[in-house]
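Here are a few exercises to work through with the model open beside you. Try each one before you read its solution.

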Amino acid sequence: MNTMLRRFFVFTAASLLAATAGAHHSAVAFDFGKQVKYTGKVTAFTAINPHMKMTIELPNADGKGMHEVKFEGHSVRHMYDGGYRKGMVKIGDTITVNCAPYKNGTEGGYVVSVGDAKGEFMFGMRSRGAGDDARVGEEVRKTAESK
Amino acid sequence: MTPEGKARVDAYNKLTQGTDDSPYAWCTGLGMPASMMGSGGYPMEILQGKSQMIIVYEAMDELRRIYFGARNMPMADRVPSRNGYSSGRWEGDTLVVETDNLVDQVDQRNTAHSDQATIVERYKLDGTDAQGRRILAVEMTMTDPVFYTSPVVSTKRWVEIPNGHALPYDCPETKWLERIEEIAAKKGVPVP
């Protein structure tokens with residue numbers, strides 16, 4: 001077998017319109033017209049494909065005890081393009097999750113961006129360093145809905 | 001589409017409607033031509049050798065091998081798959097890739113096809129963008145007498161990422177981790 005490779009190139013789609021993919025799963029459960037912020041302590045966080053996963057702990061409505069709220073988001077590629085780097089979020093950290101909420105009112109949602117305890121932007125989904133949640137949210141919606 | 005093709009696509013859509021199920025949801029590669037035409041904004045990497053070219057689509061870690069000249073396998077030895085068997089040749093500065101031995105893929109979202117489908121791709125570098133990055137253009141023609149009454153033609157353009165890197169995808173990992181959690185829960189023990 002000829003394993004001698006002479007050249008390599010990496011290309012990305014020049015137009016997202018030409019790059020619509022099959023779905024990991026449907027994004028119709030989420031309302032990308034809204035954004036909701038939750039601030040809580042991280043109990044689980046995985047940068048994984050096809051969807052990142054995250055759980056934070058929030059106080060119960062009656063003020064007694066805590067409960068966990070789950071989130072999901074784009075792929076590892078979108079996280080890294082959005083500014084995420086390994087170790088940025090650790091179990092026990094207090095973070096702010098900006099998400100497109102579930103349409104049915106379930107707590108949690110589809111992650112648009114993540115900030116620190118004060119809400120200062122840490123990473124989004126695709127737009128590296130972007131602090132403009134409205135714009136990042138629109139990009140996330142387009143990508144999610146194209147799937 | 002032919003009546004048969006339309007009936008099969010309609011039946012597939014009816015079957016999966018209202019579910020989250022799709023090849024992607026089960027970490028199955030998109031298959032040609034969807035793997036090439038729709039990689040969800042993920043990059044592709046091209047490794048170019050004398051007798052073989054390898055294209056890696058980051059999404060789903062899909063991989064295509066394109067053989068040239070004597071490296072090609074005899075038709076009888078080719079194994080049908082979602083990305084099929086691809087042979088390439090150069091026509092001047094145009095790379096022509098012919099793909100056969102595709103399996104039936106009624107589950108492709110916009111390019112469902114039968115196992116009789118064949119695909120011809122014509123790749124050419126097409127200038128640069130405003131930032132001076134090279135643009136790669138392709139015209140894809142899929143012929144499938146079972147699903148389509150005439151050839152399906154599509155085009156796509158990519159821009160080169162200088163010193164770019166494809167990332168690992170490892171799609172099945174999520175379902176494996178979920179399975180381990182499930183086993184641990186059934187046995188009433190923590191995940192090691």
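**Exercise 1. Check the length of helix H1 (residues 3-16) of chain B against the expected rise, then look at its cover and its end.**

This is a predicted model, so treat every value below as computed from it.

- Step 1: H1(B) has 14 residues, and at 1.5 Å a residue the expected reach is 20 Å.
- Step 2: From first C-alpha to last, the helix reaches 20 Å, close to that expectation.
- Step 3: Now count the buried residues among those 14: the count is zero, and H1(B) is hardly covered.
- Step 4: Step past the end of the helix and you meet B:Gly18, which has a positive phi near 80°.

**Exercise 2. Do the same for helix H3 (residues 173-187) of chain B.**

- Step 1: With 15 residues at 1.5 Å each, H3(B) should span 21 Å.
- Step 2: Its end C-alpha atoms are 21 Å apart, so the two agree.
- Step 3: None of the 15 residues of H3(B) is buried, and the helix is hardly covered.
- Step 4: Just after H3(B) sits B:Gly188, with a positive phi of about 70°.

**Exercise 3. Lay out the overall make-up of chain B.**

- Step 1: Count the elements: chain B has three helices and eight strands.
- Step 2: Put them in sequence order and you get α-α-β-β-β-β-β-β-β-β-α.
- Step 3: For dimensions, the C-alpha trace spans about 65 × 45 × 40 Å along its principal axes.
- Step 4: Buried residues account for 31% of the 192 residues in chain B.
- Step 5: Take the contacts between residues at least 6 apart in sequence; in chain B, 44% of these join residues at least 24 apart.

**Exercise 4. Trace the pairing around strand E5 (residues 94-100) of chain B, and sort its residues by face.**

- Step 1: Start on one side, where strand E4 (residues 85-91) pairs with E5(B) in the antiparallel sense over seven bridges. One bridge to look for links B:Trp90 with B:Leu95.
- Step 2: Check the connection: two residues lie between the strands of this hairpin, and B:Gly92 takes a positive phi near 65°.
- Step 3: Turn to E6(B), which runs antiparallel to E5(B) and is joined to it by five bridges. Here B:Val97 has B:Glu121 as its bridge partner.
- Step 4: Recall that side chains in a regular strand alternate between the two faces of the sheet.
- Step 5: Sort the residues of E5(B): B:Leu95, B:Val97 and B:Thr99 are on the covered face, while B:Thr94, B:Val96, B:Glu98 and B:Asp100 are on the uncovered one.

**Exercise 5. Is B:Val120 buried, partly exposed or exposed?**

- Step 1: Find B:Val120 in strand E6 (residues 118-128) of chain B.
- Step 2: Count the other C-beta atoms within 10 Å of its own: there are 15.
- Step 3: Buried takes 20 or more and exposed takes 12 or fewer, so with 15 B:Val120 is partly exposed.
- Step 4: Leaving out residues up to four places away in sequence, B:Val120 touches B:Val96, B:Glu98 and B:Thr141.
- Step 5: For a C-alpha distance, try B:Gly5, which is 115 residues from B:Val120 in sequence and 20 Å away in space.

**Exercise 6. Which residues touch the most other members of the largest nonpolar core?**

- Step 1: This core has 27 residues, and B:Ile55, B:Tyr57, B:Met60 and B:Met140 touch the most other members.
- Step 2: Among the elements of chain B that each supply at least two core residues are helix H2 (34-37), strand E1 (44-49) and strand E7 (134-143).
- Step 3: Follow one member outward: beyond four places in sequence, B:Ile55 touches B:Met44, B:Ile46, B:Arg64 and B:Ile66.

**Exercise 7. Describe chain A, its E6-E7 hairpin and how confident the predictor is.**

- Step 1: Chain A has two helices and seven strands, in the order β-β-β-β-α-β-β-β-α.
- Step 2: Strands E6 (residues 109-115) and E7 (residues 121-124) of chain A pair antiparallel over three bridges, and A:Val114 is bridged to A:Phe123.
- Step 3: Five residues separate the two strands of this hairpin, including A:Gly119 in the turn, with a positive phi of about 90°.
- Step 4: The average pLDDT of chain A is 79, and 70% of its residues score at least 70.
- Step 5: Over residues 15-23 of chain A pLDDT stays under 50, and over residues 127-134 it is also below 50.

Notes. Residues are numbered from 1 along each chain as its sequence is written. Chains are lettered from A and ligands numbered from 1 in the order in which they are written. Helices (H or I, at least four residues) and strands (E, at least two) are DSSP runs, numbered from the N terminus. Two strands pair if DSSP finds at least two bridges between them. Two residues are in contact if their C-beta atoms, placed from the backbone, lie within 7 Å. A nonpolar core is a set of buried Ala, Val, Leu, Ile, Met, Phe, Trp, Tyr and Cys residues joined through C-beta atoms within 7 Å. The expected span of a helix is 1.5 Å times one less than its number of residues. pLDDT is the predictor's confidence in each residue, from 0 to 100.
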